[in-house]
Amino acid sequence: MTFIGADLAPSPEQIMGLQAVARGDRPADLAIRGGTVLALHNRELIERDVLIVGPHIAAVTPPGRLEAAAEIDATGRYVAPTFIDVHLHIEYTLLTPGELARLVVPRGTTTVLADPNCLANVVGTRGADAMASTATPLRIFQQISHKIPRVPELELGGATMPEADVLERLAAPNVATLGESNPFDLDLSAARKAHTALAAGRRLTGHTARIADEPLWAYLAGGVSDDHNAFNTAEVIDRLRLGVMITVMAGSMNDNVPLVFEDPDAVAGGFDHISFCADDRHVEDLHDHGHIDHHVRRAIAAGVPTIEAYRMASLNAASYYRLDHLLGSVTPSRLADVMIIDDLTGVRPELVIVGGQVVGREGRATFTNPDTMPDWVRNTVHLPADFGPEAFRVGAAPAPDEVAVVRAMEMYDGYFKRAFEAELPVVDGNVVPDPANDVAKITVVDRHHGTDTRATGFVRGFGLHRGALGITSNCENQNLVVVGTSDDDLAHAARTLRDIGGGYVCVADGEVLATVPLPLGGIMSDRPWEQVYEESVAANQAAASLGCRIPSPYMILAFVGLAGVPDYGLTEKGLIDTFTQSFLPVLVCCRCPQHIHAGTDGRPGDVAP
């Protein structure tokens, strides 16, 4: 069995060199002079020199004690460890690992714990392996995807990742955790993976979907030890009492930082057990608002002491995920992943160093991206040749003056969904959307196998007055999903996605208003992040022009169908009750209209019997 990061530990020869520098027998390669070092272990700010040899820190000393061949003057500034994102799906940034590095490394995030389940769902185990590394300075530790496809009984899915492949990779030195699992699917296979991960000294990444009491206790009893879904004080305290690492999420769909720290004093006892993650964050949000630097700024603004916010972004993360022998602090023998910052509350690094090399200066990368992706991640969108409006029909046979009553989903707090019942008109035997009441039609389509497998439901929350949006990154199996106000627009969006090889599209009235081509697995761009940024911003603006009132509509569209988040999910096989993990019919009945668009007591979220 190999310990996490074994390949990054200093060799015997490197250790001898570090010791020689620390004794003063030879000069360091580089000294960062006169800065105020964040000594995170004892929460102290202290003026020190940092001596670096090769990729490692040799010594942290009083100013002027040891010699160096090169120097950086950090007088009047702070020297901090770089940041760690403890749970990220790189694919949802829309970027390849190398392009992500160009964007976030200059902002201080130099290590990510990444679950490659998106590309693995498209091309299998080799997709997971393709996301495991980059030749850029970004350090990737994987969270090995728990189950692909996630719910094989409820979805056709794309590719598969056999259980044996998951178990084999859990002992690899670049693997930090077993990836997040479905809290409603606690089977023997899940138990075998949990055992193997725990026996290998790996943590189990959690996704509690805000469950409580017995369901939560059962989930944690399987070894799950962190959670990025908790977002209010009560949930945070409840989980901290159970030993759960709170991995505060700030993605494109929601920012939990101000909610988690709404009452900092109430959760202060658990500050050591809190770290940060982005989970699902688009390129435009990374650029406009930041990555883990965003978490730190927001936490400090919410009242978290500055030194605690920096611990959460580095030392807490490294310690909990058993990487602190390599990362997370400016201390001897650790990797020289450090940054120089003028203002600790502004969190905008002037200089970022990874492995002893300057990789970011004044917010810009000093490196290029040499990575290439294999050809087999292209051409992954396969639809039937004749894919027209009739594919989106929901049949019903009401009597005159009757309407159809359907089970529907209302989006809230990002990707959470309330179940409700909607009354919808029926035209020529087809249940149609009701844009006036913000009820759109949504369809998930198999785009992996070229079959005619698809399922249609209804959703509230997008605010579309006309047109349709489409993506090929439906969570988790990365199928094609379209949402819109007419079957014609839905069909147009689906065909446009096929024509561009996957990505995001916005259409209306026979016109294509915006596209974000994502030819790599249908989920990542092969272009520089700057171009993807412009395309994604334009797509958001196009959606807004159709009346869409939610931020990150394409990201949220990817999660409407997720079967691991209550109340409902939608796969290409049908509507799912997430609590029972079983199918439900979309059509409830036909009846005279009662003008009800919620539960029986009028509250969205209650399902009418």
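Which Tyr and Phe residues form one aromatic cluster? In this predicted model, the cluster is made up of Tyr-92, Tyr-412, Tyr-415, Phe-416 and Phe-559.

Aromatic contacts turn up elsewhere too, with 10 aromatic pairs in the structure. One of them joins Phe-184 and Phe-579, whose rings meet edge-to-face at 5.6 Å centre to centre, with 70° between the planes. Phe-184 sits in the loop between β9 (175–178) and α6 (188–199), while Phe-579 sits in the loop between β29 (574–577) and β30 (582–584), so this pair ties together parts that are 395 residues apart in sequence. The two partners can also be looked at in terms of accessibility. Phe-184 has a relative accessibility of 18% and, because buried means under 20%, counts as buried. Phe-579, on the other hand, is partly exposed, at a relative accessible area of 48%. Another edge-to-face pair is formed by Tyr-320 and Tyr-321, with 5.2 Å between the ring centres and 85° between the planes. Both of these tyrosines are buried.

Rings also take part in contacts with charged groups. Arg-126 places its charged end over the ring of Trp-376, 4.2 Å from the ring's centre. Over the face of Phe-420 lies Arg-460, at 4.2 Å from the centre of that ring.

Turning to the strands, β2 (residues 44–53) and β3 (residues 56–61) make a hairpin with two residues between them. Gly-54 is in the turn and has a positive phi of about 60°. The two strands of the hairpin run antiparallel and pair over five bridges; within this pairing, Ile-52 has Ile-57 of β3 as its bridge partner. As for its surroundings, β3 has five of its six residues buried, so the strand is largely enclosed by the rest of the structure.

A parallel arrangement is found further along, in an open sheet of three strands ordered β11-β12-β13. Its edge strands, β11 (226–227) and β13 (274–277), each pair on one side only. Between β11 and β12 (residues 245–249), the parallel pairing runs over two bridges, and Asp-227 has Ile-246 in β12 as its bridge partner. Helix α12 (residues 292–301) lies across β12 and β13, and runs at about 135° to β13.

Notes. Residues are numbered from 1 along each chain as its sequence is written. This is a predicted model: local features need pLDDT of at least 70, side-chain atom pairs count only at pLDDT 80 or more; totals for chains, interfaces and linings use all residues. Side-chain values use heavy atoms; hydrogens and water are left out. Rings of Phe, Tyr and Trp (its six-membered ring) pair if their centres lie within 6.5 Å; planes under 30 degrees apart count as stacked, over 60 as edge-to-face and the rest as tilted. Helices (H or I, at least four residues) and strands (E, at least two) are DSSP runs, numbered from the N terminus. Buried means under 20% relative accessible area, exposed over 50%, partly exposed in between (1.4 Å probe, protein chains only). A charge sits over a ring if NZ of Lys or CZ of Arg is within 6 Å of the ring centre and within 35 degrees of the ring normal. Two strands pair if DSSP finds at least two bridges between them. Contact means heavy atoms within 4.5 Å. Axes are lines fitted to C-alpha atoms, for helices over the stretch in contact, and angles run from 0 to 180 degrees between N-to-C directions.
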